[in-house]
Amino acid sequence: MERFLILLALAGLSYLLLYTEGLVKNSRTRFAVLGVLLAAFGVRFFLFGIAPNDTASAVESAIAWYRDAGGFWGIRSSALPYSIPVQYFMAFFSLAPGGGLTLFKHLCVFAEVTMAWAAQRCVQCVTVRAQPRLFAFLIVLLLPSGIFQGVCSAAGDSLWWVFIALAASCAMRGEWRWCAGMLALAVAFHPSALWIVPVFWVFTAVRRNTWFSLLHLVGWYIAVMIPALLLGRPGGDCLPFYPALGTLTARPLFGGAPGIYSLTQYSFIAPTGIALYVVFALLLVWRMSRKSLAADRRRQLTALSLASLCAVALLPWMSADSLYGAEVLLVALCCLEPKGIPAAVCVSFASALALLKDIYGSAVFLPLGWASLALLAAMVILTLYLLLKNKTVRRTA
């Protein structure tokens, strides 16, 4: 009953967000929206406890550890492999009677709703038409990868990708202070977001305030860590973004992601993959720094989507769930530019196959290499779009 009521409340929140944005103005739209929300949250209700895997078990064990350690006091000595903000929530959920895994999954669903709202806000930066914005919101809620990474595996990738999506909408609106704050929260929730941060210099508002953006980012990050420091956690356990660099090329930290590492030997290609991503990010920022692209928000969003895909394909510590955020960005892009639909289809196939392989393993007969090829195809499509599209598209009504 608790599960039903919370999901119903989240469905109500989704409808409220659409209503406040002015996207449900007539009875026909209202009926269609209610049907889609019923499908999106109904599927989540029925799949809530299905397909338990190692990820969900690890989250449940971490919450149980905090329960035995006295809740928030466990943050002082915790050695769990989760970011500090995620451990805040785990400590809080450990205080609830019963299992805290259910609450953690509900938190993931709340982040998915917020991502849907952020996606339609990205679309709104280019067009105020209701239809594409509504499509962006509803499609994000129906993405299979979002459902699997939330209510099935409790991977929680939406907890950090949501801040990337919010930062994108802020950057497209010229709100660089809020953009820096959202990026800081993304890095605090997952260090992998640190590799996406430089790509935000493709947005004009952020590039014009480079040093101030960095100061805001660092300030927000430290503010998030203050509660842990006040609880007695050593500063050295709060501030580093990554472990020793040697561990990044020694073995996969998470594994299971499509990319060059599923097609070749990991120990040989890992340093090359990191170098390729760094070079690619620099070239992308250089390409988007042209004055002719300063007002082209479509291509700015395309650049961020492409960088997100390349991060999953080239960086060795990305997980199978990491494609979810790139999918959301591509959904927003497709609602603005139909030419991006083939790339979005390829990414959705790659993401679904990677997640199914992660959950069911050898029971899925298709090898992960097919997901890598689909991801490569999407990257090629988006790269051609950035290179060949010459006309700057202005904001339309």
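The legends below describe four close-up views of a predicted model.

**View 1. A nonpolar patch on the surface, to which helix H17 gives the most residues.** Phe 349, Trp 370, Leu 373, Leu 376, Val 380, Leu 384, Leu 387 and Leu 388 together make a nonpolar surface patch of about 790 Å². Helix H17, which spans residues 368–388, contributes seven residues to this patch. Trp 370 is one of the patch residues, and its place in the fold is within helix H17. The relative accessible area of Trp 370 is 47%, and because the partly exposed class lies between 20% and 50%, Trp 370 counts as partly exposed.

**View 2. The second largest pocket, with its lining drawn from helices H1 and H2 among the contributors.** The space in this second largest pocket comes to about 240 Å³. Its lining consists of Phe 4, Leu 7, Leu 8, Ala 11, Tyr 15, Leu 34, Leu 37, Leu 38, Phe 41, Gly 42, Phe 45 and Phe 46. Helix H1 (2–20) and helix H2 (27–47) each provide at least two of the lining residues, and H2 gives the most, with seven residues. By residue class, the lining of the second largest pocket holds 11 nonpolar residues and one polar residue, with no charged residue.

**View 3. The largest cavity, lined by residues that include Trp 176 and Trp 201.** The structure holds one cavity of 30 Å³ or more, and the volume of the largest cavity is about 40 Å³. Trp 176, Cys 179, Ala 180, Leu 183, Trp 201, Val 206, Ser 213 and Leu 217 form the lining of this largest cavity. Two or more of these residues come from each of helix H9 (176–189) and helix H11 (210–230), with H9 giving the most, namely four residues. The lining of the largest cavity divides into seven nonpolar residues and one polar residue, and no charged residue is found in this lining.

**View 4. Arg 287, a buried residue of the model.** Arg 287 belongs to helix H13, which covers residues 266–288. The relative accessibility of Arg 287 is 16%, and because buried means under 20% relative accessible area, Arg 287 counts as buried. Although Arg 287 and Val 202 are separated by 85 residues in sequence, the distance between them in space is 8.4 Å, taken from C-alpha to C-alpha.

Technical notes. Residues are numbered from 1 along each chain as its sequence is written. This is a predicted model: local features need pLDDT of at least 70, side-chain atom pairs count only at pLDDT 80 or more; totals for chains, interfaces and linings use all residues. Side-chain values use heavy atoms; hydrogens and water are left out. Patches are made of residues with over 30% relative accessible area and no salt bridge: like charges are joined within 9 Å, nonpolar side chains (Val, Leu, Ile, Met, Phe, Trp, Tyr) within 5 Å. Accessible areas come from the Shrake-Rupley method with a 1.4 Å probe; for residues, only the protein chains shown count as cover. A salt bridge is a side-chain nitrogen of Lys or Arg within 4 Å of a carboxyl oxygen of Asp or Glu. Buried means under 20% relative accessible area, exposed over 50%, partly exposed in between (1.4 Å probe, protein chains only). On a 1 Å grid over the protein atoms alone, a cavity is a set of points where a 1.4 Å probe fits but cannot get out, and a pocket is an open set with protein on both sides within 12 Å along at least five of seven lines; lining residues have an atom within 4 Å of a point. Grid points are joined across faces, edges and corners, and a volume is the space filled by probe spheres set on the points. Ala, Val, Leu, Ile, Met, Phe, Trp, Tyr, Cys and Pro count as nonpolar, Asp, Glu, Lys and Arg as charged, and the others, Gly among them, as polar.
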